Amino acid sequence: MAETDRLVSDRTARRVAVISMHTSPTASLGQNANGGLNVYVQEICAAFSERGIASDVFTRRGPTDPAM
């Protein structure tokens with residue numbers, strides 16, 4: 001895992017892809033076993049953002065998931 005200080009000072013690394021095969025951060029919490037991993041994906045992307053790093057989340061889309 002990269003050190004936080006290195007991420008903040010290294011301005012060449014400004015975007016990351018987050019791949020989440022088993023959850024969607026857009027799913028409603030508490031429905032259909034949505035919960036912990038959804039929150040984790042949201043929080044990790046928020047932490048990247050606070051450090052000036054953009055993130056793109058790639059996940060599966062189920063038949064009832066909202067279109068983005």
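Select Arg-15 first. Arg-15 is exposed, with a relative accessible area of 55%. That value is over 50%, the cut-off for calling a residue exposed. Keep in mind that you are looking at a predicted model.

**Stop 1: the salt bridge**

Which residue pairs with Arg-15 in a salt bridge? Add Asp-56 to your selection, since Asp-56 is the partner. The closest N and O atoms of the two are 2.7 Å apart. The pair joins distant parts of the chain: Arg-15 sits in strand β1, Asp-56 sits in strand β2, and 41 residues separate them. Side chains of opposite charge can pair when their charged atoms come close. Is Asp-56 buried, exposed or partly exposed? Its relative accessibility is 29%, so Asp-56 counts as partly exposed. How many salt bridges does a search of the whole structure find? The search finds one.

**Stop 2: the whole chain**

Zoom out and colour by secondary structure. You should see two helices and two strands. Follow the protein chain along its sequence and the pattern reads α-β-α-β. The protein chain has 68 residues, and 19% of them are buried. Now turn on the surface. The protein chain exposes about 5,200 Å². Carbon and sulfur atoms supply 55% of that area. Next, think about contacts between residues at least 6 apart in sequence. Of these, 66% join residues at least 24 apart.

**Stop 3: strand β1**

Select residues 15-20, which make up strand β1. Click on Ser-20, in this strand. Is Ser-20 buried or exposed? Ser-20 counts as buried because its relative accessibility is 5%, and the cut-off for buried is under 20%. Now show what surrounds Ser-20. Leaving out residues up to four places away in sequence, Ser-20 touches Val-41, Phe-58, Thr-59 and Arg-60.

Step back to Ile-19, also in strand β1. Here the picture changes. Ile-19 has 63% relative accessibility, so Ile-19 counts as exposed. Add Met-21 and Phe-58 to the selection. With Ile-19, they form a nonpolar patch on the surface. Together the three have about 370 Å² of accessible area.

**Stop 4: helix α2**

Select residues 36-50 to light up helix α2. Helix α2 has 15 residues. From its first C-alpha to its last, helix α2 reaches 21 Å, close to the 21 Å expected at 1.5 Å a residue. Which residues of α2 are buried? Pick out Asn-38, Val-41 and Cys-45. Rotate the model until you look down the axis of α2. The buried residues of α2 fall within an arc of 65 degrees, so they line one face of the helix. What covers these buried residues? The cover includes β1 and β2. You have met one of the three already: Val-41 is touched by Ser-20.

Now look at the face of α2 turned away from its buried side. That face carries the exposed residues Gly-36, Glu-43 and Glu-50. Then move past the end of the helix to Gly-52, which follows α2. Its phi is positive, near 80 degrees.

**Stop 5: after strand β2**

Select residues 54-59 for strand β2. Carry on to Arg-61, found in the segment after β2. Arg-61 has 59% relative accessibility, so Arg-61 counts as exposed. Finally, draw a distance from Arg-61 to His-22, C-alpha to C-alpha. How far apart are Arg-61 and His-22 in sequence and in space? They are 39 residues apart in sequence and 9.8 Å apart in space.

Key. Residues are numbered from 1 along each chain as its sequence is written. This is a predicted model: local features need pLDDT of at least 70, side-chain atom pairs count only at pLDDT 80 or more; totals for chains, interfaces and linings use all residues. Side-chain values use heavy atoms; hydrogens and water are left out. Helices (H or I, at least four residues) and strands (E, at least two) are DSSP runs, numbered from the N terminus. Buried means under 20% relative accessible area, exposed over 50%, partly exposed in between (1.4 Å probe, protein chains only). Contact means heavy atoms within 4.5 Å. Accessible areas come from the Shrake-Rupley method with a 1.4 Å probe; for residues, only the protein chains shown count as cover. A salt bridge is a side-chain nitrogen of Lys or Arg within 4 Å of a carboxyl oxygen of Asp or Glu. Patches are made of residues with over 30% relative accessible area and no salt bridge: like charges are joined within 9 Å, nonpolar side chains (Val, Leu, Ile, Met, Phe, Trp, Tyr) within 5 Å. The expected span of a helix is 1.5 Å times one less than its number of residues. The arc is that of the directions from the helix axis to the C-beta atoms.
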